[in-house]
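Student: Could you take me through one part of this model up close? I'd like to hear about a single strand and what sits around it.

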Amino acid sequence: MWSRRPSARPGQQGFTLVELMIGVLIGLLATLAVTHVLVNSEGQKRSTSSGSDAQVNGALALNTLQRQLQSAGYGFGAVPPVVGCTLTARFAGAAVAGFPASLAPVTITDGASGAPDAIRILASGKTSFSIPLRIVAPGYAPPGTAVPVGSVRTIVKGDLVVVAQTVSAPPGVPCEMFRVSDNPGSVPQVARTDDGGWNNAGSPTASYGEGGGLINLGVPIDSTYSVLNNALVVRSLSIAGDALGTPSYPAATELYPNIVQLQAFYGKDTNADGSVDTWDNVTPTTNALWQQVMAVRLALVARSPQYEKEEVTPANVSWDVGSAATVAGSATCGTSRCVTIKLDTLPDWKHYRYKVFETVVPLRNLLWNS
């Protein structure tokens, strides 16, 4: 006897090829939509996190410059007549390559055609304290072996000191540097002995009479901050040991990445009313002009490391400098004045985001004695 095969129930015939293809297409479209959302979300996340990195780098870079500028002129700013004097320093019989040409607390080197500026800071490196010492009678005359002073506080063997004529200075008398040869004894004088280093035979070469002064720089702080390869870098004077070693300026050290611009101005009181009325980047060349300098104003630009597919920065950034004082190179922007900070020399500069950080730093070591 033959058995009958049960017939298939209605609705269980399965999918056709067309239905399967439609299902796959719907799945692909859903996957594409989800992927698009994730990609946009991840892009926004990267932009936000890279923007945070730029904020951190910019804030730290600005804080570093501000802190170092506050120390500018330490040790010699207390003697206004010596600020800006011609500085002579010789080591092993030759001029020290790259050494400051004058006793200037801050030197701004203007970048050509809107390129980043450089800021050089000079100060005493004494870790205790540095005070100017007054030269007393009979003074110093070459080729002397000691400079008589009213006090020898802070002076120790190995310090680098600058001798200056601060009262009725004859024209052309420079500030000269030498090394303290011995710790002070019972007689208040600063000793120097000819050696193969800083104390060349017959130096200091000029006479310095009563009323002149000694500036104790210890191991001097001489640092130049600039922008190199899209980073804030510093290049500093290096002297091994207690100022016995050969002075040199090693290669610059990177401090903070993604810093692409640095612009700076001297703040000057040109009408002697006690407040800044002019901002420019012209370095003073005389002591009288240095007496006008009261502050440094600077701006730096941090860049987000995230490359954006779209152009997100359509134009160079503007630095709002206000209208209370004259600012060199500024132009009217609304009710204020602005300085244009150039970014268009950077590759693909429109595809990055930027943040401007700015501050005004009073040069307190000059102001306290003005």
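Tutor: Here's a look at strand E9 and its surroundings. Bear in mind that the model is predicted.

E9 covers residues 175-179 and belongs to an open sheet of 5 strands, ordered E1-E9-E8-E11-E6, with mixed pairing. In that order E9 sits between E1 and E8, and those two pairings run in opposite senses: E8 (residues 160-164) pairs with E9 in the antiparallel sense over 4 bridges, while E1 pairs with E9 in the parallel sense over 2 bridges.

Want to get down to residues? On the E8 side, valine 162 has methionine 177 as its bridge partner in E9, and leucine 160 stands opposite arginine 179. Over on the E1 side, leucine 87 is bridged to cysteine 175 of E9.

Now the side chains. In a regular strand they alternate between the two faces of the sheet. In E9, Cys175, Met177 and Arg179 point one way, with Glu176 and Phe178 going the other way. Whichever way they point, they're buried, so the strand is mostly covered, 5 of its 5 residues being buried, where that means under 20% relative accessible area. Yes, that takes in Arg179 and Glu176 too.

As for the sheet's borders, E1 (87-88) is at one edge and E6 (133-134) is at the other; each has a single partner strand, so one side of each lacks a neighbour in the sheet. For E1, then, the partner is E9 itself.

Note on methods:
Residues are numbered from 1 along each chain as its sequence is written. This is a predicted model: local features need pLDDT of at least 70, side-chain atom pairs count only at pLDDT 80 or more; totals for chains, interfaces and linings use all residues. Side-chain values use heavy atoms; hydrogens and water are left out. Two strands pair if DSSP finds at least two bridges between them. Buried means under 20% relative accessible area, exposed over 50%, partly exposed in between (1.4 Å probe, protein chains only).
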